[in-house]
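Me: Could you walk me through one part of this model, the second largest pocket, and what sits around it? I'd like a close look rather than a tour of everything.

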Amino acid sequence: MAETVDVVVIGMGPGGEAVAGQLAEAGLSVVGVDARLLGGECPYYGCIPSKMIIRAADVLAEGRRVPFLAGDSTVRADYTPVGERIRTEATDNWDDTVAVDRFTAKGGRFLRGRGRLTGPHTVTVTTTDGQAVELTARRAIVLNTGTDPAVPPIPGLAESPFWTNREILAIEKAPESLAVLGGGAIGCELAQAFARFGTAVSVVGRAPRLLAYEEPESSELIEATFAQDGIAVHNGVDVTAVHYDGRFTLEFDGGSVDAEQLLVASGRTSTIGQLGVDAIGLDPTAKVLTPDEHMRVADGVWAIGDMTGKGAFTHVSMYQAAVAVRSILGRPGRGAEYHAVPRVTFTDPEVGSVGLSEEQARAKGLNVRVGSVRIPESTRGFIHKVGNTGLIKVVEDADRGVLVGATSAGPTGGEVLSALVVAVHAEVPVERLTGMIYAYPTFHRAIEAALADLH
């Protein structure tokens, strides 16, 4: 089968769905291609179901804090309502019919299968029922195949029934014990959440600290909180073997961890090698595709999402989708900018950050000034009392007098981050920020104190 259309989108995660839907609504003939569920990782195996677990776990934690502030409480954890909510409210039991109907109602057509570039303007789709469909794109091909969970080459791991984020978010009962391989955002979020449901949790990672991409102060906060939650943390170790005999044993230099279940959360791996990008003159072994500011990677081909290396976040993919749509339709608009990419790890405390860390800013040779304040030292932190762990940290390019990075960790740290994102994105002079009025007594008022601490 062969046909010609205006646009082919390979990979219908959040960004791909947005591109395909908007171009279809603009009157173009659009075919969206994906072998998995339309909507991608985020609604079925990522952001949405994981935050449902975290929300429930946080409620448990708050219930246990009642004796510190307001009387007595007894909390009994039950994972059953969480699993049911994920199945019924978030994923429709991992059925994407609603998402497919939403896309086709905009005028698009969906092919379930794997798409591969076979020429400068040609995509060949091998559908899940074995058909081969050749699509020629008159206007654009958009690549958005994201990443897959990375599985490190540890002896015994591949042969064991481990979980990734995809399997653990589909369970109906919290495990008795859980080993988490990896101390990044996904590993930390789920480790803490399941610990609060009564699971005995151990985190094992190669990095020297949890959340190694964040400021060291943030790592210290999370490690202290994990200790309070009873989570065992083993940083800076290499797992040398995984054994499974009905339970998992992870061996590493100086010790081992035993658990009923194993979550592998050790990063993501590229899908670029599956796309046939050599057909458009690109390197199929590349870990990322580097687009121009309008998301083009070749004549008539755009790329968005994880594969561009600009941040494996839904919000980055959606942002890039809007840029790509403008480019494909020839509409005016700014190109993509990445100096103020925000990210939030939804642990308790939440860890939000934007732009450069202090270390990154110094590595760029900037004349750096840093200011910080601990949330418990703020008025709102004093009022909040239990569960008030957190900090605000700001990183200034002193030569220009603007913030180039910031961290907001604490209760609702991701929400407080928004003010700092605006400051970094718009390059608001620090002199203007220090002249603002900050509402009292709020968590965000700590920004004022962090700015006053710049030195």
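**The second largest pocket and its surroundings**

Reply: The second largest pocket has 16 lining residues, and R65, R196, Q228, D229 and V386 are the ones nearest its centre. Bear in mind that this is a predicted model. The pocket's volume comes to about 340 Å³. Its lining is a mixed bag: 6 nonpolar, 5 polar and 5 charged residues. As for where they come from, helix 3 (47-64), helix 8 and helix 9 (216-228) each put in at least two.

Helix 8 is a handy way into the sheet. Spanning residues 185-196, helix 8 lies across strand 7 (177-181), strand 8 and strand 13, and runs at about 160° to strand 8. Those three strands belong to an open sheet of 4 strands, ordered 9-8-7-13, with parallel pairing. Strand 9 (232-234) and strand 13 (261-264) are the edge strands; each has a single partner, so one side of each has no neighbour in the sheet. On average, neighbouring strands here are turned by 15° against each other, ignoring direction. Zooming in on one pair, strand 8 (residues 200-204) and strand 9 run parallel over 3 bridges, with V203 opposite V233 in strand 9.

There's also a hairpin to look at while you're browsing this stretch of sequence. Strand 11 (residues 248-252) and strand 12 (residues 255-259) pair antiparallel over 5 bridges, and E251 stands opposite S256 in strand 12. The hairpin has 2 residues between its strands, and G254 takes a positive phi near 95° there.

Key
Residues are numbered from 1 along each chain as its sequence is written. This is a predicted model: local features need pLDDT of at least 70, side-chain atom pairs count only at pLDDT 80 or more; totals for chains, interfaces and linings use all residues. Side-chain values use heavy atoms; hydrogens and water are left out. Two strands pair if DSSP finds at least two bridges between them. Axes are lines fitted to C-alpha atoms, for helices over the stretch in contact, and angles run from 0 to 180 degrees between N-to-C directions. Contact means heavy atoms within 4.5 Å. On a 1 Å grid over the protein atoms alone, a cavity is a set of points where a 1.4 Å probe fits but cannot get out, and a pocket is an open set with protein on both sides within 12 Å along at least five of seven lines; lining residues have an atom within 4 Å of a point. Grid points are joined across faces, edges and corners, and a volume is the space filled by probe spheres set on the points. Ala, Val, Leu, Ile, Met, Phe, Trp, Tyr, Cys and Pro count as nonpolar, Asp, Glu, Lys and Arg as charged, and the others, Gly among them, as polar.
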